[in-house]
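Visitor: I'm new to this one. Could you pick a part, take me through it closely, and then show me how the helices elsewhere sit together?

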Amino acid sequence: MDSSGQQTAADVWARVKRRLRAELGEDIFASWFGRLELDSVVEGCAYLTVPTRFLKSWIESHYADRVLSVYRSETNDVERVVIGVRNTLGRDAAPQRRPNEAPRPSTAAPVPTAAQASEPKAPSLTIPQEERSENSDLGGAPLDPRLTFESFIVGRSNALAHAAADRVAHAPNGQVIYNPLYLHAGVGLGKTHLLHAIGHEMRSQGRRVIYLTADRFMYGFVASLKAQTSLAFKERLRGIDLLIIDDVQFIQGKQIQQEFGHTLNALIDAGRQIVIAADRPPADLENLDERVRSRLAGGLVVEVTALDEALRTSILSTRIEALKTIHPTFEVGPSVISYVARSITANGRDLEGAVNRLLAHATLTGSAITLETAETAIRDLVRNREPKRVKIEDIQKLVASRYNVSRSDILSERRTAAVVRPRQIAMYLSKVLTLRSLPEIGRRFGGRDHTTVLHAVRKIEKALGEDHALSDEVELLKRMLQE
């Protein structure tokens, strides 16, 4: 509602989305409507936008009537719905056009924000002629020239993924290994960077490479079906040396999944390399056919875990040094870098955003970057990152499940190695993730004395400094409890 008590178009759209989520279920809503946004309502027409042509085509074909029906049940102001594709530079100019007008091409360039104005311009994505023709035939996307092995910063969390990617990219005599190579990670942890790096290296060797997002694969297949050229589409796709698919978790539709599975089988059987990235391991891709999941899991599956503080510090330092070649007066001291690395823990994109904010502050105000100014500059990146309140019971259940013991085992007096280590880890996590005192933690672990808890905490702290595998395991448990 606005200040006068009238409902706004945004209020109505929020209710429409809630209704769609309730009627269609969380899985269908997240797959097809999660990125559907309201642009404007003009003279009885609701203009909605999505980021890809495939989503537009799919929603129009399968859900347009449902969306309109729900909309009309919420308001009498909407008589029809139009779905458009958001362009890469910003929103379409829907608010200014009437329902019976065709969209007008935008002629003005977007005005950059202060942070963007102070950023170095990205290299132009100029695509060689042979790459343009290959991608236009197959609906592929260009490789970002900035995302190479040389620009990838290696740390403990991504070392295995980097090594596997490098091995695939530099395999001798066209040898195919780890097929498929499957990388999974959360947002902004570097998996897409590695995909592009592999593509660049193999293309430099004269290999035929195509990079596709899941959306582009689906759109290409659906478009070929409509144009009755699906056989040619399949043959061209299977005639390459390296197929890279990003965000495979978004592949939807029984027929498309079947074709995706056939493509995987054909390329693998023909000795062609496949590299896949997703936000979760193959077994957790519930929407994919079981045979496709099995095929994906049959190669090398590598997780890129959360960036540790040392790697975050290295990323920040490298980015700042690169910017200093363009802005020589841009100075960020070690204490500020350390503060930012400790404060921003989610992903590399937030670290990039933090550096851009510091640069904007330095160039626009002309003042030095101090801890106080850094705190102000990155406040929006950290204010919503408070970890959720963690319960000791949740810790006990998760640790028990992770180590194949029962919660009652952890609370019991059993002293076998299979139980003692998980119990100590659970006690350690209870100490670092909750505000409970040692005596309270002891009581929640079967009435143990606080000295027992202290011993467990110290033992795990010492082990974490000596055992990298245990350290990674405990960090994963922390993330699972705090998400």
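**A close look, starting from one arginine**

Guide: Let's begin with Arg86, which sits in the loop between strand 3 (80–85) and helix 5 (114–118). Keep in mind that this is a predicted model. Is Arg86 buried or exposed? Its relative accessibility is 13%, and since buried means under 20%, Arg86 counts as buried. Leu36 is 50 residues away from Arg86 in sequence, yet in space the two are 10.0 Å apart, C-alpha to C-alpha.

Now for the wider setting. The protein has 23 helices and eight strands, and of its 483 residues, 44% are buried. If you take contacts between residues at least 6 apart in sequence, 72% of them join residues at least 24 apart.

Next, find helix 8, residues 191–204. With 14 residues at 1.5 Å a residue, helix 8 should span 20 Å, and its end C-alpha atoms are indeed 20 Å apart, so the two agree. Its buried residues are Lys191, His193, Leu194, Leu195, His196, Ala197, Ile198, Gly199 and Met202. These pack against helix 7 (159–169) and against four strands: strand 4 (181–184), strand 5 (209–213), strand 6 (242–246) and strand 7 (273–278). After helix 8 comes Gly206, with a positive phi near 85°.

Further along is helix 13, residues 309–324, which has two helix partners to look at here. Two packed helices are described by the angle between their axes and the distance between the axes. With helix 14 (residues 334–343), helix 13 packs at about 130°, the axes being 9 Å apart. That angle makes helix 13 oblique to helix 14, and their crossing is right-handed. On the helix 13 side, the contact uses Glu309, Arg312, Thr313, Leu316, Ser317 and Ile320, which meet Ile337, Val340, Ala341 and Arg342 in helix 14. Sorted by class, that contact holds five nonpolar, two polar and three charged residues.

The other partner is helix 15, residues 348–365: here the angle is about 40° and the axes are 10 Å apart. Helix 13 and helix 15 are therefore oblique to each other, and this crossing is right-handed too. Helix 13 brings Arg312, Ile315, Leu316, Arg319, Ile320 and Leu323 to the contact, while helix 15 brings Leu351, Glu352, Val355, Asn356 and Leu359. By class, there are seven nonpolar, one polar and three charged residues. Arg312, Leu316 and Ile320 turn up in the contact with helix 14 as well as in the one with helix 15.

Now turn to helix 18 (392–402) and helix 20 (417–433). They pack at about 150° with their axes 9 Å apart, which makes helix 18 roughly antiparallel to helix 20. Helix 18 passes helix 20 in a right-handed crossing. Ile392, Ile395 and Val399 from helix 18 meet Pro422, Ile425, Ala426, Leu429 and Ser430 from helix 20. That contact divides into seven nonpolar residues, one polar and no charged.

Both of those helices also help cover helix 23, residues 468–482. The buried residues of helix 23 are Leu470, Ser471, Glu473, Val474, Leu476, Leu477, Lys478 and Leu481. Their cover includes strand 8 (300–303) and helix 22 (450–466) as well. As for length, the 15 residues of helix 23 should span 21 Å at 1.5 Å a residue, and the end C-alpha atoms are 21 Å apart, which agrees.

Key:
Residues numbered from 1 in each chain as written. Predicted model: local features only at pLDDT ≥ 70, side-chain atom pairs only at ≥ 80, totals over all residues. Heavy atoms only, no water. Axes fitted to C-alpha atoms, helices over the stretch in contact; angles between N-to-C directions. Parallel < 35°, antiparallel > 145°, perpendicular 65-115°, else oblique. Left-handed = near helix turned anticlockwise from the far one by under 90°. Contact = heavy atoms within 4.5 Å. Nonpolar A, V, L, I, M, F, W, Y, C, P; charged D, E, K, R; others polar. Expected span 1.5 Å × (residues − 1). Buried < 20%, exposed > 50% of the residue type's maximum accessible area, 1.4 Å probe, protein only.
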